[in-house]
Amino acid sequence: MAGFKTEWNIGDICVMVASGPKRYTQEFKVQSFDGKYYTVRRGDDLYHVSPSRMFQTKEEALASLDSELVSSEDSFRRLTEEKLAEEKKAKMPRINGEMVALTPDDEGTFMGYVTDRKWNGWECPLFPKSSADKIMEYINSSVGDMNYDIENDSYTMKYFEGEEVECFEGEDYLINGNIERLYPIGSYSWIWERERAPEENENIDEDNSPIMGM
């Protein structure tokens, strides 16, 4: 059939049969594709749709009613808020993390998640916004200039020495089964480590103390 497509782009408008007995069609806007089903929107409602139910024209959609093109196994279902949340979780980066006290210089201490990711042996933490704001305050009183960009949901760090700028963008993670917005402040660039116990610090020469750096 000339109007049948197997691939659609985000933003495309497709036509589907809304009521077979009434031979009634509606237009929907393509939102995404999960490899099997398309998510399409009409107004405020989202639906999961099999590609074989999507057509370029009203005529092609109605013609499908008189053919065996659309099987009874094809999907056309409205997505509930609960289902949308489940699908959002399924697409999120997943990590198993432990919330611990972290320090970049043995002075400032901040709560963040550590995982199995390392950079030259150092931790590559992810911080909730409450900790990220405290890091920003600490940095601005010591080694650099850090700002939060609410529009891009990111922290930008500019060092007092040099012109290099780092940007740490927020991202939703599924961590230990829960959705959290986390920021990779200093991951893969700062010397982050778990806070030492007081007795451990007493045994470290001041000249060999870890410092924050690139």
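Which side chain of opposite charge is nearest to Glu166, and how far away is it? In this predicted model, the answer is Lys158, at 13 Å. Glu166 is buried and has no salt bridge; a salt bridge would call for a side-chain nitrogen of Lys or Arg within 4 Å of a carboxyl oxygen, so Lys158 at 13 Å does not qualify. Glu166 does have a polar partner, however: its side chain is joined to that of Ser189 by a polar contact of 2.7 Å. As for its setting, Glu166 belongs to strand E14, which covers residues 165–169.

It helps to step back to the overall fold. The protein has 214 residues, 40% of which count as buried, and its secondary structure comprises 17 strands and four helices. Among contacts with a separation of 6 or more, 48% are between residues 24 or more positions apart.

In soluble globular proteins, nonpolar side chains tend to be buried together. Here, the largest nonpolar core holds 19 residues, and the members that touch the most others are Ile135, Met146, Ile185 and Trp190. At least two residues of this core come from each of strand E7 (98–103), strand E8 (110–114), helix H3 (129–140) and strand E13 (154–159). Helix H3 is the top contributor, with five residues. Leaving aside residues up to four places away in sequence, Met146 is in contact with Met136, Ile139 and Asn140, with Tyr155, Thr156 and Met157, and with Phe168, Ile185 and Trp190. A second core, separate from the one above, consists of ten residues, including Cys14, Phe28, Val30 and Met54.

Two of the strands that feed the largest core, E7 and E8, also pair with one another: they run antiparallel and are joined by five bridges. One of the residue pairs involved is Leu102 with Phe110, the latter lying in E8. Strand E8 itself is mostly covered, with four of its five residues buried.

A further element worth a look is an open sheet of four strands, arranged in the order E6-E15-E16-E11 with mixed pairing. Strands E6 (94–95) and E11 (127–128) form its edges, each pairing on one side only. Strand E11 meets strand E16 (residues 178–183) in the antiparallel sense, over two bridges. Within this pairing, Pro128 has Leu182 of E16 as its bridge partner.

Notes: Residues numbered from 1 in each chain as written. Predicted model: local features only at pLDDT ≥ 70, side-chain atom pairs only at ≥ 80, totals over all residues. Heavy atoms only, no water. Buried < 20%, exposed > 50% of the residue type's maximum accessible area, 1.4 Å probe, protein only. Lys, Arg positive; Asp, Glu negative; His and termini not counted. Polar contact = N/O pair within 3.5 Å; in protein donor to acceptor, adjacent residues only side chain to side chain. Core = buried A, V, L, I, M, F, W, Y, C linked by side-chain atoms within 4.5 Å. Contact = heavy atoms within 4.5 Å. Pairing = 2+ DSSP bridges.
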